[in-house]
Every structure is written in structure tokens, then in C-alpha cells.
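Biologist: Hi, I'm new to this one. Could you walk me through it?
Modeller: Sure, have a look first and then ask away.

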Amino acid sequence: MNTTQFADPQRPGNGSASLFDGVVCPDGVYCEAFAGCGQPRAHWQSIVAAVNAAGPELLGQRQERVKRMRHEDGATYNPFDAPDGRGTPWALEQIPLPLTVREWSRLETGLIQRARLLEQILADVYGPQDLLKTGRLPSQLVFANPHFLHTCHNVRPSCGRYLTLYAADLYRGPDGNFRVLRDYSASPVGLGYALENRIVISRMFPELYQHTQIRRLAPFFQTLHTGLTQRSALRREDPNIVLLSPGPDSPIYFEQALLSRYLGYPLVEGQDLTVRNGRVYLKKLAGLEPVDTIFRHISDQQSDPFALRRETSAGVAGLIQVAREQNIDIANPIGAGFAETPVLPVFLPELCRSLMGEDLLLENHPAWWCGHAEGERRARAQLNQLIIAPALDRSTPFDSDLLAAIHSAPFAFMAWEPVRPSTVPVWEGGRIHARPALLRVFACATEEGFAVMPGGLAITAADTEALLAGVPERLQSKDIWVLSDQPVEPFSMLGGLHAVAEVRRSSDLPSRVADHLLWLGRYLERAEGLIRLLRSVFRRLSSEARPEDIPELEFLLNLLRAGHAIPALPEEGGYSSQELEAQLFAALYQEDRPESVIAILKRVQDAARNVRDRLSRDSWRVINRLDEFGDNPAADPQDQLDNTLFTLSAFSGLAMEGMTRSLGWRFMDMGRRIERGLHQISLLREGLPRVCAVSQNALEALLEVSDSIMTYRARYRTAFQLAPVLDLLLLDESNPKSLAFQFSQLAAHVEDLPRQNERRFASAEERMSLSMLTAIRLLDLTGLACSSGSAENEAPLNTFLETMEARLLEFAQQVSAHYLSRVTATPHFSVRLGEREP
């Protein structure tokens, strides 16, 4: 391939070489940044100057900062596409792609026309089907098309909008004209990523962004929200709009959570919704809440497992029938994916003239349908020059004998010319390269027609093949800057997105969210308890004393065995030092051991992902830092545990100071109190029979793992004694680590949980929490001391602890049965005493 090497004539004022010198662009493709003479195009000059002024060192630092910010925000394309579960980072390249006013005006007009055309096609295909009857659309494109859902025929969407959100992939050809490569109409992807990119890039080039007239993205989101609200308001004055997601398994869950927060729509999953009497309801703790609009981010085929006969939990059974009765507005309507049929653009020029009386303004990428004689002839004659692709569904596998396959079913294939997209400058590997790029742009429905977002995503890769394959690991994105010839006024979504007539403080939340928050609290506490215990062990093993000379070491190891963190002792004797080291290492890093630190931290992250829209950006960044645990198993275990405990404490502090005292916070805190109570009971039950036999060192270790040693020393200023230690860990309601404190908090929380109706008597969970709190307050520790008769004195306390453990587990089950029974299935579990949440 021939290439052209550019030399930037606008070098930095200090006479040094431009970073753009030597950028190599393939011949025969359009270069976005430079004209043929190597002169930066007028609208690129300020960006070229800013990049040169920054210099390679600062650009490298900025790129690392972008990478770090994406990781902290959890900006992944697919959270579960990697074996370690970390996902593919959403790679963002820092040099934006500017478009002139004139270029964008032509694109905007063409995109609006295309969206209107596709909406008319959808209305006909799912309505009177005149295009089929008159032969303007071949029958194979409909009835053999997996994108066409027969069940949705004659389902008229609310207000007649068959297309609420539309997206298209464009490329600029060698002649400088934009062409459409693909259309997206089911649930277009990338809107949230475009927003995220703009936020990050505006921070990377703050002065350039502020002094360049760049059209803002926020007005588009307000237009989208206004359109959804206006249609929903026809049924109810204060409509309830939800964003339907497949959940954390979705490749774009980051985007869904981001849009949920930005637009203010609850992020729900299929199991959160139910159909009753022809209406869709959201299952909440206080009961069922009607839903007016679903902003759909699941595929057409997943939307209604009952009507479409699909085995999936992502959708809502009966949703299509509710849409048929026009009791719900779905954006985009189920079945809108028909407009994504790969071969449909071949027919758009003629359909545009027949339906709208206009020529198609935006060209399609040159392609031919093999269902036409001319298309089949061309495909056969130029088999090695053209790209043969599925005509109806991009996921259709190819037959090894392509010619035979085309002959047997020509309607199933199409032929493309090779794509030759324009190139854009990309900072990569310490220098600037020219990379091929696609542009993804978006439009939304309005009362007057459609509005186009002034910006979008530019997607780049090392070569055109990787770009068209769409493999996330090989792609980068850019922010698209649409320039303006008028001053751009600041705009905020807060100005009019949620104008309310009265102040309301609704604290209700979906049952599934409450379940995940409850278990998030439990896993956080479980991780902290195990880390403190392991840290105490490693602290002693790293001391100058030999293990056999540390009397409390075996006491701590027994506590680990009781919690299943390490195996029980064999009958024939103990373990060698090498075997003990291996067991402790497994307790840290062995992922298939349920009670290892890394396994519990994974469950913390999984639970947090399920409530991502409920967590602040800072909280999510803290959660993402847990990824670092296990990255370097050769590191000092004590340092690893210290750092992880610091991270967990940071999250706890953010939750305590940043979360409103609503039901979400209450359920998460109840989870912490339940788990901390069970952990404290376990420590005392297992440690009490041994604590006096070991020495005062064991009492000190017990206080250490309970995070109460400083309180003890400040309060008692004496040697460690059994009765004061037990008073601090059991009865002291001012100590956040004591059992009494946990019961007191649980009793306070259940009083504020929602009720279906006002009752004269306390609920079961209120009675249970009050019973536990009363029992701990009446516990008498008189006479407890390490003496010759201590075993007899400890027996009643052991019985009491067993009783409290059983009651606490019963309380946890009661809370789940009462408030979380609408959760179809929970992924959370506990190995403690075989406990399992329903």
C-alpha cells in the first residue's frame, strides 16, 4: 500500500519538531487532520497547536490519567469477557475529532431524513405491510428475517413512535463524503460512552475546550428525556420511567448505569418488573408501583420470554401484550431491530423516493443483494474483490462452500465493496499515528420529528479489518467535537430535567436492589473480619519470635479454622511450617475457596455491580481498587491486607457520610450488623474455651481482631481480664464492634422499614430484634474470670451465644422472607451453618 508522510508546517514556536511530523497516511484515503499538502485543515489547527504545546511527556501522562480514570470509574465494554472477570477497559484516546459547522449541518439533515424513513418502514412492516404487497420490499426480507418479530405485527406503539432512539455508523470515503455503514434501531449502544468521553476529554484539554466553540451534549439528553416524559404524561401526570437492563452480565452495563444516573431513571432488570391486569409494575419493598415508560436496553428477542418463547430472565413475561393494549411506552418498541437488517440500506434510496418523495441525502456504503440477479452475478464474478456478508443477520455463520451457499439461498447473502475509511491522528506508543475511524452518531424522536446529538463517538483501530470486526480489545474511542459559528451557552441538565411541583422524599426501592445492598453490607463486613484475623496471624509470624514461642498463635489459627478459612487439623497431628504457609496463602488468594479473602472480595464487587446506579462515583472508584488485591502474590501479605482494609474502610466512610438514610442505606447497614454480629459470636464461641488456657495474650488477640484494643486500653488501663473484655465486646452499646451495638442498630432499622398498612402490633422482625436486644442487655457477666472453675462459669455464656446466633440467623431469614420475597432468585449465599438466603 502506498503511503503519504506529512510534515507539519505549523511547528511549535520554539523551533522544535512537530509531533505530527512523519505521520504516515495510506494513499487513497481521506486524512481528517491534514490536507494533501501537509497543511492542517483550518478546523484542526487549534488542536494540532494544543497537542504540540503539550509535548510527548505531558501527552503520555494524560493518556495514563485517562486510563486510570476509566479504571476507577469502571468504564468497561464487557465486565465479564476476561477470565479474571475484570473486563476490557473502554479505551479512550485523548485527541478529539472536530467537525465543521458545514459538515455537521449536512450530516444532521441526512440523519434526520434517514431516521424518519426508517420509522416509516417500521410502521409499515409492523402495520399494513403495503411495501410487501407492492413488491417494494421482497418477502424474504421480512418473513425469513430473524429481526422481524411476527408476534409484534399490528402492535401500535404509544403515540405512534416506532423509533425513539436511532444511531448510525458513518465513515468518510476517499472523496470526502460521509457514507452510512450500519444502522442501529433496537437499543443503540454508545450514548453513555459518548457522554463519558466528553466529560473526560474536557478535563484533559480544559483551556482548549473552554475557548473553542463546541456544541454541548446535555441539550440532546434533555430533548430525549422531554420526549419520553411527554408521551408518558398522556397516561399519568407524573410518569414513572425505568431503564431496563439485562444486569451486570450486560456488555454495556457501565453505560446503562451511567445513563440511569444522568437521566434520573431507576435501573431495573426483568425480575424487577411484573405484569398484572394489563399493566407493568415495578416490584418495590412497599408494594407494586405502576410503570409508564420502559427505556429498553435489552435485545428484541429477550424482551418478552413468554410471547417470544425464549428462555431468558432478562425480559418481562407478557410485555408485548401490554404494549398491544397501549398501556406502556417502550423506547424503542420491541421489533424495532428490523431496521438493523444488514441488506435493508440497499433498498433505502428507492423507498425514500416512494415514501417521502425525496432523494436519500446520506449515501449508503456500496452494496448489492444477492437476491437480485444483478447482485448475485456481481458477487460471483467479483468473489475475491468484494466482501460477502449475511444479508439478514450479521451473526449467521458462513458455509465453507460460499458459491454453493449463494446458489442455494441467494436472498441470505449480500456483497460489499471494501471499506476505505478516513484516518485520524492517534497518540499511541509515545507518538502520533494515523488510524482508520468510524463515527457513531445518535438521533432521538421529538414532537416535530428527530433531533441529532451534536457529537458522538469516533471509533479507531490499528487497521480497517480490526475496526470493522468490532473486537473491544482492539478498539479505541474518541470524542467528536461539533464546532459552532455562534457562541455556545453553558447548559446543565439540572436546569429543567426534573422540575417538580412539590418536594418529595420517597425512599422506596426495588426488592432486588434491597437484596443486593443487604448482601453488599454482609460481604463487606465478612471481608473486613477475615482480613483483621489474617493480619493478626501474619503480624505474629513476621515477628522475631519463633511460631512455637507465640502462645496466642494457635488460638488465632483455631479462629481461622472455625471460619473455614483454613482446613481443620488432621487427626494424626499438626501441620509443618511449609504446610501452614501454603494454607494461609490459599486463604488469601485461592479463588475457588469460598471463604478466602479474594473470593469474598469478588462477591463484594459482584454485589456492588448490581447496585452500581445507587453508588456514587467515589464509592465505585473505591470498589474498583479491590481489583488490585492478588495482583502481586509475592508482595508482603501484611501490606496487602493493610491496603485492602484501608480500601474497605474508605468505602464504609463514604457510605456513612455520603448515603442518605433511606431504605438503601438501611438494608446495607442491616447486612453489616447481621454479619458483624455473627462474626463476633463466632469469635467468642470459638475463643472462649481457649482464651484462659493460652494466657492474657489471647485476650489481647481477641480484642485486636475485634478492633477494640485501643478502646480497652483507654478505658480500663489494666492488664487484660476476661470480664472487662467480654463487657466491651458483648454489652457495651457505645462500642460499634460489640454485639449489643449490632442488636441496637438492627432494632432501630426495622422500625423504619415500610409496612403495607398501619398495624397496632409490632412486626415479626421488630419483635425478634427487640428480643435479642433485651437478652443482651440482661446478660450477667458476674463471676466470669480466668480461674480454675472458669469452665463451669463459661457454660451459660456459651449457651447464650448459641441462642443469639440462632436468633440472628432467624432474623436474617425473616427480613428476607418479609421484604425480599419478590426477588425471584438471589445469587448470594453464606457457608455459615449452611445459611442460604431465599
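Modeller: One term before we start: a residue is called buried when its relative accessible area is under 20%. Also keep in mind that this is a predicted model.
Biologist: OK, so which residues of helix 19 are buried?
Modeller: In helix 19, the buried ones are Gln-638, Gln-640, Leu-641, Thr-644, Leu-645, Thr-647, Leu-648, Phe-651, Ser-652 and Ala-655.
Biologist: And how far apart are the end C-alpha atoms of helix 19?
Modeller: They are 31 Å apart. Helix 19 covers residues 637-658, and at 1.5 Å a residue its 22 residues should span 32 Å, so the two values agree.
Biologist: Switching topic: at what angle do helix 14 and helix 16 pack?
Modeller: About 145 degrees, with the axes 12 Å apart. Helix 14 is residues 511-541 and helix 16 is residues 577-589. Their crossing is left-handed.
Biologist: Which residues make that contact?
Modeller: Helix 14 brings Leu-534, Val-537, Phe-538 and Leu-541, while helix 16 brings Leu-584, Ala-587 and Leu-588. By class, that contact has seven nonpolar residues, no polar and no charged ones.
Biologist: What about sheets? What's the strand order in the open one with four strands?
Modeller: The order is 9-8-13-14, and the pairing is parallel.
Biologist: Why do strand 9 and strand 14 each have one side without a neighbour in the sheet?
Modeller: Because strand 9 (267-268) and strand 14 (329-331) stand at the edges, each with a single partner strand. Strand 9 pairs with strand 8 (residues 241-244) over two bridges, and Leu-243 has Leu-267 as its bridge partner.
Biologist: Which helix lies across strand 8, strand 13 and strand 14?
Modeller: That's helix 7 (residues 218-232), which runs at about 160 degrees to strand 14.
Biologist: Where's the cis peptide bond?
Modeller: Between Ala-331 and Asn-332, with omega about -10 degrees. Asn-332 sits in the loop between strand 14 and helix 10 (348-356). For background, most peptide bonds are trans, and most residues other than glycine have a negative phi.
Biologist: Speaking of phi, what is it for Asn-277?
Modeller: Positive, about 55 degrees, although Asn-277 is not a glycine. Asn-277 lies in the loop between strand 10 (273-276) and strand 11 (279-284).
Biologist: Is Asn-277 buried or exposed?
Modeller: Exposed, at a relative accessible area of 81%. Gln-326 also has a positive phi, near 55 degrees, and that residue is in the loop between helix 9 (319-324) and strand 14. Gln-326 counts as partly exposed, at 36% relative accessibility.

Key:
Residues numbered from 1 in each chain as written. Predicted model: local features only at pLDDT ≥ 70, side-chain atom pairs only at ≥ 80, totals over all residues. Heavy atoms only, no water. Axes fitted to C-alpha atoms, helices over the stretch in contact; angles between N-to-C directions. Left-handed = near helix turned anticlockwise from the far one by under 90°. Contact = heavy atoms within 4.5 Å. Nonpolar A, V, L, I, M, F, W, Y, C, P; charged D, E, K, R; others polar. Pairing = 2+ DSSP bridges. Expected span 1.5 Å × (residues − 1). Buried < 20%, exposed > 50% of the residue type's maximum accessible area, 1.4 Å probe, protein only.
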